[in-house]
Amino acid sequence: MISSLSGGAHRLFSIVLPSFALSLGACSIPRDPSGTMDRVEQSGTLRLGVIEGAEMNEASRRTLARVLDRTGSRPETQRGDSEVVLARLKKGEIDLVYGELAMDSPWSREVAFSAPQGLLAKAPKSEPVPRFAVMNGENGWLMLVSEASK
Amino acid sequence: MSEIPSAIKQDFRNAKKLEWWTLGWMGSVVVVMYFTMGASQAMKTALFEDVLSLVPAMTFLVSAHLEPRAPTEKFPYGFLRANSLAFLGSSVVLTFLGLFLAYTNGMGLMKGEHPTVGPVTMFGETIWLGWLMIAALVYSVVPPVILGRLKQPIAQRISDKVLYTDSLMQKADWQTGLAGIAGIVGIGLGLWWADSLAALLISISIVKDGITATRSASAELLDGAPRRLEGSGVSEEAVRLQDRLQQRWPEGRIRLRESGRYILASVDGIETPGEIPRAEELMDPGRSWRLGRLSFTPHGKEDPAHHR
């Protein structure tokens with residue numbers, strides 16, 4: 001099919017396709033549009049928000065330890081009310097939030113939730129369960145947290 | 001005229017078979033797309049388009065069931081136009097739904113919404129859902145493009161507007177798939193706007209399909225001259241018929257219109273001649289079945305439109 005293309009289109013394809021493939025291969029996919037993972041890795045600091053009253057269970061501690069290990073960062077923890085902490089996450093002032101959050105909470109549209117931490121059975125959508133949350137659209141960062149949760 | 005002419009019976013059967021295949025294949029595409037769409041607007045819009053692509057197939061099958069039915073007391077001209085009516089309704093819906101989706105996706109783009117496409121765990125492995133979305137989009141392109149190519153020549157032979165528009169929409173489906181894939185790859189590369197932009201382009205293609213279908217369906221309902229299957233121009237076949245009729249009755253006024261797949265011709269200002277030419281003499285070779293009626297109206301008895 002390529003051979004039937006005109007010279008210009010052929011040249012375009014021969015330049016665009018390899019560079020596209022190279023750019024896919026060179027960077028890990030998915031990437032973060034707001035660059036959370038890059039920022040954490042470069043600064044060496046993970047700004048962690050913990051919702052007041054939530055205690056980290058063993059699975060969450062393990063996940064957090066793996067995230068810190070993979071990014072080579074240290075946590076800078078700040079506690080607060082869920083509204084305050086999640087609003088700061090949404091604005092990009094915090095990198096990761098831990099708390100007991102229900103899947104049907106209105107915040108599930110404003111930020112992205114990780115899978116429940118340390119639960120074997122599927123929890124009802126209305127039940128607050130321990131989980132992490134990241135800024136919406138930070139897909140690479142969410143992948144890293146999810147892989148660390150395994 | 002209520003029976004399907006024998007010249008196109010086999011094609012008509014094949015068309016029905018292809019539309020059943022369409023329902024089956026596109027149904028499977030809809031299921032695959034539904035389970036992989038996640039929060040991607042491009043996937044959601046492509047899913048809408050796939051659901052909408054079932055409508056022409058259903059319209060065709062319903063009208064194919066009605067068309068061969070004998071005329072009744074209440075419908076003495078039979079049900080030849082059943083497909084035109086259903087098609088007009090569905091194409092208007094298609095247009096408005098496309099406009100709604102274009103508005104929603106345009107707003108999403110303006111608000112700067114960042115789509116979250118997270119991980120999914122399969123067979124113990126955590127992979128990015130975007131890869132599954134791309135696989136689903138690739139799959140969603142294959143059946144419609146093949147079916148569209150198979151339907152188009154049949155639609156031309158049986159002069160079926162619904163089938164033809166359906167085939168055109170399906171043949172162009174690869175563009176939707178490609179736009180969707182570009183949107184997902186864009187998300188993967190951290191370009192949050194790529195998804196909404198792809199979704200906006202897909203919605204615009206839905207609006208375009210809707211407008212094409214509405215124009216095609218409404219011309220017939222307004223008793224317009226028989227249209228070409230592609231575009232909105234008058235069909236060449238009808239022009240040739242008009243010329244042949246005009247040659248035979250130069251003093252008469254020739255008017256042609258369409259009823260379903262048939263052409264109805266009227267020669268005004270002429271008494272019914274003793275010898276009426278056979279359809280084979282007036283139509284192109286192999287197309288005589290398409291002349292559904294030839295009527296003559298003596299001078300002074302024409303319908304109101306004649307005097308304007």
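The chat below goes through helix packing, the chain contact, salt bridges and backbone details in a predicted model.

Trainee: Let's start with the contact between chains; how many residues does each chain bring to it?

Mentor: Chain A contributes 18 residues to the contact, and chain B likewise contributes 18 residues.

Trainee: And what area is buried between chain A and chain B?

Mentor: In this predicted model, about 1400 Å² is buried between chain A and chain B, with carbon and sulfur atoms giving 66% of that area. On the side of chain A, the three residues that supply more than any other three are A:Ile29, A:Asn139 and A:Met143, which together account for 32% of the area that chain A buries against chain B.

Trainee: How many salt bridges does the rule find across that interface?

Mentor: Zero salt bridges are found across the interface of chain A and chain B, whereas a search of the whole structure, over all chains, returns 24.

Trainee: Show me one of those; what does A:Arg47 pair with?

Mentor: The side chain of A:Arg47 meets that of A:Asp95 in a salt bridge, at 3.0 Å from N to O. The two residues are 48 residues apart and belong to distant parts of the chain, since A:Arg47 sits in strand β1 (residues 45-51) of chain A, while A:Asp95 is in the loop between α4 (82-91) and β3 (96-101) of chain A.

Trainee: You mentioned A:Ile29 earlier; is the peptide bond from A:Ile29 to A:Pro30 cis or trans?

Mentor: That bond, from A:Ile29 to A:Pro30, is cis, with omega near 0°, and A:Pro30 lies in the loop between α1 (7-26) and α2 (36-43) of chain A.

Trainee: What about backbone oddities in chain B, say the phi of B:Phe123?

Mentor: B:Phe123 has a positive phi of about 50°, although it is not a glycine. Its place is the loop between β1 (119-122) and β2 (125-128) of chain B.

Trainee: Switching to helices, at what angle do α3 and α6 of chain A pack?

Mentor: Helix α3 (residues 58-71) of chain A packs against helix α6 (residues 139-148) of chain A at an angle of about 125°, and their axes are 8 Å apart. That angle makes α3(A) oblique to α6(A), and α3(A) passes α6(A) in a right-handed crossing.

Trainee: Which residues of α3(A) and α6(A) meet?

Mentor: From α3(A) there are A:Thr63, A:Arg66, A:Val67, A:Arg70 and A:Thr71, and these meet A:Trp141, A:Leu144, A:Val145, A:Glu147 and A:Ala148 in α6(A). Sorted by class, the contact of α3(A) with α6(A) has five nonpolar, two polar and three charged residues.

Trainee: Now α2 of chain B; how does it lie against α4?

Mentor: The axes of helix α2 (residues 41-52) of chain B and helix α4 (residues 82-111) of chain B come within 11 Å and cross at roughly 180°, which makes α2(B) roughly antiparallel to α4(B). In that contact, B:Gln41, B:Thr45, B:Phe48 and B:Leu52 of α2(B) meet B:Leu94, B:Leu97, B:Leu101 and B:Asn105 of α4(B), a set that divides into five nonpolar, three polar and no charged residues.

Trainee: And are α2(B) and α8(B) roughly parallel or antiparallel?

Mentor: α2(B) and helix α8 (residues 192-221) of chain B pack at an angle of about 20°, with axes 7 Å apart, and they are therefore roughly parallel to each other. α2(B) passes α8(B) in a left-handed crossing, and the residues of this contact of α2(B) with α8(B) divide into seven nonpolar, four polar and three charged.

Conventions
Residues are numbered from 1 along each chain as its sequence is written. Chains are lettered from A and ligands numbered from 1 in the order in which they are written. This is a predicted model: local features need pLDDT of at least 70, side-chain atom pairs count only at pLDDT 80 or more; totals for chains, interfaces and linings use all residues. Side-chain values use heavy atoms; hydrogens and water are left out. Axes are lines fitted to C-alpha atoms, for helices over the stretch in contact, and angles run from 0 to 180 degrees between N-to-C directions. Helices (H or I, at least four residues) and strands (E, at least two) are DSSP runs, numbered from the N terminus. Angles under 35 degrees count as roughly parallel, over 145 as roughly antiparallel, 65 to 115 as roughly perpendicular and the rest as oblique. A crossing is left-handed if the near helix is turned anticlockwise from the far one by less than a right angle, and right-handed if clockwise. Contact means heavy atoms within 4.5 Å. Ala, Val, Leu, Ile, Met, Phe, Trp, Tyr, Cys and Pro count as nonpolar, Asp, Glu, Lys and Arg as charged, and the others, Gly among them, as polar. Buried area is the accessible area (1.4 Å probe) that two parts lose on being put together, summed over both. A salt bridge is a side-chain nitrogen of Lys or Arg within 4 Å of a carboxyl oxygen of Asp or Glu.
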